[in-house]
Amino acid sequence: MDTLLVIGAIVILALIGFVMGRQRAIARSGGDPRALHSLPNYHGHFVALWAAVPALVLVVLWLPLEPMLAMNAALDYFQANIADPGNMDTIRQSKLALLLSLDQDATTIDLSELRADQYALLQTEIRNMAAGTASAGHAAFMQEVADYYAGYRNISYILMFAAGVGVAGVGAGLAWRRIAPDMRARNRVEWAVTLFMILCSTVAILTTLGIVLSLLFEALRFFSKIPFTEFLFGLHWSPQTAIREDQVGSTGAFGAVPLFAGTLLISFIAMCVAVPIGLLSAIYMAEYAHSKVRAVVKPLLEILAGIPTVVYGFFAALTVAPFFRDVGESIGLSVSSESALAAGMVMGIMIIPFVSSLSDDVITAVPQSMREGSYGLGATKSETVRRVILPAALPGIVGGVLLAVSRAIGETMIVVMAAGLGSNLTANPLEAVTTVTVQIVTLLVGDQEFDSAKTLAAFALGLMLFVMTLCLNIIALHVVRKYREQYD
Amino acid sequence: MNVQTKDSEQDHGYPDTTVGKPILESDIKVAARDVSVFYGEKQAIKSVSLDVAANEVTAFIGPSGCGKSTFLRALNRMNDTIDICRVTGDIRLDGEDVYDRKVDVVQLRARVGMVFQKPNPFPKSIFENVAYGPRIHGLVSHKSELEEIVHSSLERAGLLNEVKDRLDTPGTGLSGGQQQRLCIARAIAVSPEVILMDEPCSALDPIATAKIEELIDELRANYTIVIVTHSMQQAARVSQRTAFFHLGNLVEMGDTETIFTNPEHRLTQGYITGRFG
Amino acid sequence: MTDQTAPPTQTNPAMDRMKASLARRYAAEKRFQSYGIIAIILALSMLVTLFATIIGTGYTAFVQHTVHLDVTLFPQDIDPEGNRDPEVLARADYQSAVNDALYSLFPEATGRSARRDVRALVSSGANFVIRDMVLDNPELVGQRVSVRVPLATEFDQVLKGNIDPAVDLGVIRERSTDIPWTLPPGERLISEGQADYMQQLVRQGEIDASFNRWFFTNGDSRQPELAGIWGAAVGSFFTLLVTLSLSFPIGVAAAVYLEEFAPKNRWTDIIEVNINNLAAVPSIVFGLLGLAVFLQFFGMPRSAPVVGGLVLTLMTLPTIIIASRAALKSVPPSIREAALGVGASKLQCIFHHVLPLAMPGMLTGTIIGMAQALGETAPLLMIGMVAFVVDIPGSPMDPSTVLPVQIYLWSDSPERGFTERTSAAIMCLLGFLIFMNAAAVLLRKRFERKW
């Protein structure tokens with residue numbers, strides 16, 4: 001909230017700058033606005049930009065940096081005053097050992113020798129105590145460090161406020177002095193606006209870059225622990241690594257094949273539901289349905305696309321899975337209550353409108369002359385559809401189905417709520433299987449250490465997911481575009 | 001009713017439109033009486049009556065938007081594919097009402113084939129394009145029979161020599177004129193009795209046009225042909241009979257020579273001498 | 001020339017063959033058409049089943065059974081110093097007052113286990129209900145207050161008929177002896193004694209079903225009868241606020257640049273392909289990005305709506321950019337030429353003429369993007385918005401959850417009472433979504449322009 005205060009102050013300065021810049025421009029023009037190169041408002045904008053932009057950039061850079069500096073200072077303080085052997089007594093030592101889960105017999109604490117998780121623990125403790133949200137029963141000496149940290153942050157906040165307001169004021173002042181009738185304020189303001197737009201259009205690129213880099217970086221760290229081939233071709237997945245080295249079964253297994261197989265199985269079931277229903281209903285809508293029917297049914301089908309996936313997940317777990325289990329029981333089949341069939345089928349329902357609207361697009365894009373040519377020869381509607389329209393629309397439909405597959409592979413909530421957690425390499429749709437996305441969620445939800453193979457495995461899976469869907473999307477978009485060009 | 005004198009026309013409610021050499025009754029292939037076509041509220045064809053003679057080329061001419069294409073499409077019920085379109089009146093093919101409930105539109109269109117303004121080959125091979133009609137209508141039982149039909153149709157359309165080595169290449173890869181002849185071959189393959197052609201040459205260059213015109217003249221021996229055309233020269237070149245449409249009305253109809261040399265109606269005269277259109 | 005003349009007989013052998021195949025062809029036509037109808041009916045029936053299930057399980061959550069208690073608030077227990085300090089009032093012990101009121105209803109229950117059964121009847125959050133009353137009106141201290149407190153969830157569910165006591169809980173609602181106890185005593189959620197007490201309350205008319213206001217005003221809770229969606233709704237609001245205030249300006253600016261200014265070259269081609277691909281990247285990948293970049297790299301707080309908003313901004317940007325570009329494309333070039341012709345700069349032309357005309361389309365796209373963001377769950381799980389948060393968040397920096405995540409959390413809870421609440425929360429979420437989409441449709445209809 002304090003940051004908002006700084007930003008608010010800068011914005012107010014910018015507003016004052018706008019008014020003053022405008023007035024100065026009018027004054028310098030000698031009362032005749034036509035003498036100005038740009039309208040007075042542009043001069044106002046010019047001053048306001050100089051007030052706000054540099055100051056805001058400063059604040060934004062400061063924000064992530066400041067807590068880091070404060071934490072470093074606090075840790076130095078901790079090393080010098082708290083962990084100093086001269087000040088160490090047995091009580092403090094045991095409390096610290098408890099806090100940082102050290103070995104009980106350590107006599108001195110050297111921060112540079114702490115494990116990463118202990119280091120993170122210490123930092124979290126300091127941060128929480130400074131914010132007053134730490135659990136009760138903390139040690140007084142830790143409060144000392146926390147107070148130091150809070151004090152440091154307070155000072156740096158005041159500094160930031162002063163610097164932000166100062167830069168804004170100086171910027172506004174300099175710009176204000178430059179106002180003259182022949183200054184091209186409009187061009188400068190427009191240049192700034194254009195620059196802003198260019199920056200905005202690169203956000204998408206930066207996002208992709210961010211995705212690729214963060215996934216790649218974490219995945220590479222994972223592959224330094226687990227060989228890539230074991231991950232890609234291993235048949236056993238059980239990511240339970242031990243918390244302490246001496247625990248039994250400390251090495252988890254990271255063979256992702258069961259996850260890929262599960263993902264494909266569920267996606268396949270989903271496609272078996274979505275493609276026939278979506279395609280046939282699209283054909284009926286495009287070729288047969290009366291326009292009044294279409295006006296009602298189409299939006300209804302599109303509701304299916306607007307329902308959040310978490311709702312589908314709940315539906316699958318509450319209704320569909322028990323239904324399949326009961327049906328299976330009644331005919332003597334054992335169906336898992338987290339069967340791939342239930343998850344896949346509900347996912348299929350979700351994808352129906354996706355398939356049908358994409359198919360509808362490509363079917364209506366087939367030129368009317370094709371239909372007339374066929375009708376003119378005495379073909380019935382279904383013959384025209386099956387022998388002329390569908391073959392002509394096939395590339396587009398394939399592209400749409402590929403996009404739908406990519407969506408099914410990346411779908412998360414339905415499988416998290418309705419598919420299994422345990423890895424199971426099977427092609428039987430009545431059994432529970434797990435998927436890539438389910439594993440990402442289970443690995444990352446809840447408390448986690450960032451460096452363990454378990455956490456990093458999620459990023460490796462994420463990378464696989466990203467690569468798979470990206471390939472599908474690129475192929476699909478390419479196919480669809482080629483198809484469009486054919487009839488444009 | 002062989003001789004359509006003015007009196008008999010009046011008796012039968014005929015509009016005063018027919019000039020020149022009359023059609024023998026036994027030669028009438030298609031007879032339209034009081035045909036009106038509506039698009040929603042708009043009346044595109046206003047009570048048109050005319051006869052089409054067998055084994056002749058009948059040309060429909062007239063300025064754009066005069067309804068000649070609409071009327072043509074009414075003859076094989078292509079207008080059925082347009083939801084808001086409604087046809088009233090009486091159209092008979094060999095004396096059989098084509099708008100009768102009992103008449104099967106699929107069968108009708110097999111008897112009355114159609115060639116469109118823009119060549120519209122299906123995105124399939126040349127062979128498949130021609131084989132499409134015989135296949136859907138179940139006209140053949142053996143592959144050899146089908147091949148024979150395809151070959152003879154292509155030959156009659158004058159295309160066989162140009163494409164016989166590449167029957168399995170896409171029909172869309174042909175030139176515009178070849179595509180149009182392919183569409184004609186496609187229509188012929190179901191052995192129709194009447195072929196409707198909706199400005200078949202409007203998208204083609206003069207050389208391709210000449211070939212198609214030549215083809216039309218040859219096809220006349222076996223088929224009844226109705227052609228809508230924009231070009232009066234074309235009508236004069238290929239047709240035996242011409243009907244002139246204006247604003248949804250049939251202004252006059254008669255043998256081509258009479259229409260072009262001695263039209264009765266002022267509008268026809270104006271159009272063919274190029275004063276409007 | 002009319003019907004008198006018989007039509008010349010057909011001697012065409014092809015025609016005969018054709019006639020023979022007609023019946024088969026029309027059967028195929030009928031079949032094909034019915035496939036389409038079946039497909040549509042299947043899809044629609046799935047939609048109906050889904051809604052029926054959700055509404056069928058969820059509507060009971062809007063009603064809560066309460067028990068009427070006369071609670072005496074002794075000043076010496078609640079506010080010994082008598083200065084009505086809110087701090088003291090907030091921390092006072094109201095549980096004993098609730099217990100006393102309960103015991104007075106059942107004077108015959110004197111033993112320890114009997115009293116435990118009596119206490120189990122009302123929600124363990126009953127004391128908070130009274131606390132909030134007292135905080136609102138400190139004058140109540142020292143008075144005998146008539147208050148309705150929520151019944152504990154098991155009893156609430158039994159009364160609503162969501163749990164069949166005979167089968168599920170081993171309790172007989174109407175005490176006839178022929179219904180067997182299916183569960184051994186240790187596993188029963190409701191003991192025989194508790195069932196008796198409940199019966200007694202029902203007979204005395206002390207139990208009422210009333211509108212469940214707690215569901216709309218409370219945050220999350222471990223007790224189903226106290227759990228509400230307000231905390232999650234506020235979290236969703238903050239998250240969407242951050243998303244909207246970032247994605248709309250950035251999306252529109254990017255669209256304007258790409259559509260109006262950008263030269264047609266390799267670089268803009270890459271941006272375009274990239275945006276299209278980004279629109280199809282699974283949402284969970286955005287969650288991984290948020291985890292790695294915003295939380296780990298920039299050290300932003302976990303579970304905060306501001307981070308959720310950032311992640312959803314990146315996710316909705318492609319949608320908004322694509323919709324905005326389409327809106328800009330639909331503005332005819334003649335408008336631009338007219339503005340440029342009178343000497344406006346390119347930027348003036350766009351800001352004064354093109355943008356206002358394209359705005360409805362852009363807003364429609366933005367609303368659709370926001371609706372997507374409102375329903376999104378997976379990426380928010382990655383950045384820790386699954387925390388159990390009881391408090392109503394006060395700012396975008398406070399830990400909080402959002403509606404879809406709340407639905408996920410409740411659907412995962414084993415208590416029966418959460419099932420109906422999950423469905424009810426879904427109904428609320430769908431209500432918001434339908435409202436947003438209807439707004440988008442109306443906007444499109446209202447401002448649709450044919451050039």
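Reader: Which residue in β3(C) does C:His65 stand opposite?

Author: Quick caveat: this is a predicted model, where local features need pLDDT of at least 70, side-chain atom pairs count only at pLDDT 80 or more, and totals for chains, interfaces and linings use all residues. Residues are numbered from 1 along each chain as its sequence is written, while chains are lettered from A and ligands numbered from 1 in the order in which they are written. Strand β1 covers residues 63-72 of chain C and runs antiparallel to β3(C), with five bridges joining them. Across from C:His65, in β3(C), stands C:Ala209.

Reader: In what order do the three strands form the open sheet of chain C?

Author: The edge strands, pairing on one side only, are β2 (144-150) and β3 (207-211) of chain C. Pairing here takes at least two DSSP bridges between two strands. The pairing is antiparallel, and the order is β2-β1-β3.

Reader: How many helices go with the three strands in chain C?

Author: Both kinds of element are DSSP runs numbered from the N terminus: H or I over at least four residues for helices, E over at least two for strands. Chain C has three strands, and its helices number 19.

Reader: What radius of gyration does chain C have, against the value near 22 Å for a compact globule of 451 residues?

Author: Its C-alpha trace spans about 105 × 75 × 40 Å along the principal axes. The radius is taken over C-alpha atoms, and the globule rule is 2.2 Å times the number of residues to the power 0.38. A compact globule of 451 residues would come out near 22 Å, but chain C has 32 Å.
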